[in-house]
Amino acid sequence: MSKLLIVDDEFRIRELIKKYAVFEGHEVDEAEDGEEAVLKCKNNTYDLIILDIMMPKMDGFEAAGAIRKFSSTPIIMLSAKGEEYDRLTGFEIGVDDYVVKPFSPKELMMRISAVLRRTKGAEDDDKKNRFVYQGVTVDGERVSMTPREYELLFYMVHNKGLALTREQLISKVWGYDFFGDDRTLDTHIKLLRKSLGNYAGLIVTLRGVGYRFEV
């Protein structure tokens with residue numbers, strides 16, 4: 001059983017998610033704004049956080065940023081918006097997934113299960129396969145990246161010179177049970193290029209195929 005924190009200022013949304021989450025066997029805690037969410041995360045341990053963006057006192061972006069300063073708990077962000085800016089902002093903070101309102105509760109449960117499988121299953125895999133991140137430097141300057149950016153960069157460097165399809169990148173970096181779309185990958189590629197600065201051109205777009213890391 002996993003413990004979830006549902007953060008939304010709308011009671012009916014919290015109740016809807018809670019109903020489905022409890023049915024799936026999860027334990028649920030609630031917060032109605034960002035400030036309460038940050039405080040609860042400091043005093044409790046959660047397996048996953050479902051976090052709305054538009055909230056009073058402290059919005060979801062601010063709350064996620066504050067939580068990321070002391071916790072790596074997976075976060076699925078909810079929003080009534082679907083613009084690329086929101087996805088970029090969320091992924092830059094370190095959000096694991098992004099769901100646009102109105103959403104299907106069943107799909108949300110599938111996304112929760114997928115994120116939990118990836119994060120919990122990673123502990124055993126890490127001992128054998130996962131790259132231990134020691135940081136990346138560009139022209140002597142240390143670059144701050146989210147874990148997903150590191151994984152994406154490491155996989156592309158490990159397969160440098162090879163054409164990597166979007167499906168291949170998503171399945172290898174996010175997992176076969178990822179429920180997102182190509183926009184999620186393209187958004188992370190954009191963030192990764194931004195992090196690489198003058199070396200952004202090392203990641204070559206293969207139109208209609210995917211990407212390739214060229215040295």
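Which residues does Leu 51 touch, not counting residues up to four places away in sequence? In this predicted model, the contacts of Leu 51 are Val 7, Gly 60, Ala 63, Ala 64, Ile 75, Ile 76, Met 77 and Leu 78.

Leu 51 belongs to the largest nonpolar core, which has 24 residues. Together with Leu 5, Val 7, Ile 49 and Met 77, Leu 51 is listed among the residues with the most contacts inside this core. Two or more core residues are given by each of the strands β1 (3–7), β3 (48–52) and β4 (75–79), and likewise by each of the helices α2 (34–43), α3 (60–68) and α4 (84–93). Helix α3 supplies the largest share, five residues. A second core, separate from this one, comprises 21 residues, including Val 143, Leu 153, Met 156 and Ile 203.

The strands β1, β3 and β4 also take part in an open sheet of five strands, ordered β2-β1-β3-β4-β5 with parallel pairing. Its edges are formed by β2 (27–31) and β5 (97–100), each of which pairs on one side only. On average, and with direction ignored, neighbouring strands of the sheet are turned by 20 degrees against each other.

Within the sheet, β1 and β2 run parallel and are joined by five bridges. Leu 4 stands opposite Val 28 in β2. Helix α1, spanning residues 11–23, packs on the sheet and touches β1, β2, β3 and β4. The direction of α1 makes about 165 degrees with that of β2.

Methods
Residues numbered from 1 in each chain as written. Predicted model: local features only at pLDDT ≥ 70, side-chain atom pairs only at ≥ 80, totals over all residues. Heavy atoms only, no water. Core = buried A, V, L, I, M, F, W, Y, C linked by side-chain atoms within 4.5 Å. Buried < 20%, exposed > 50% of the residue type's maximum accessible area, 1.4 Å probe, protein only. Helix = DSSP H or I, 4+ residues; strand = E, 2+ residues; numbered from the N terminus. Contact = heavy atoms within 4.5 Å. Pairing = 2+ DSSP bridges. Axes fitted to C-alpha atoms, helices over the stretch in contact; angles between N-to-C directions.
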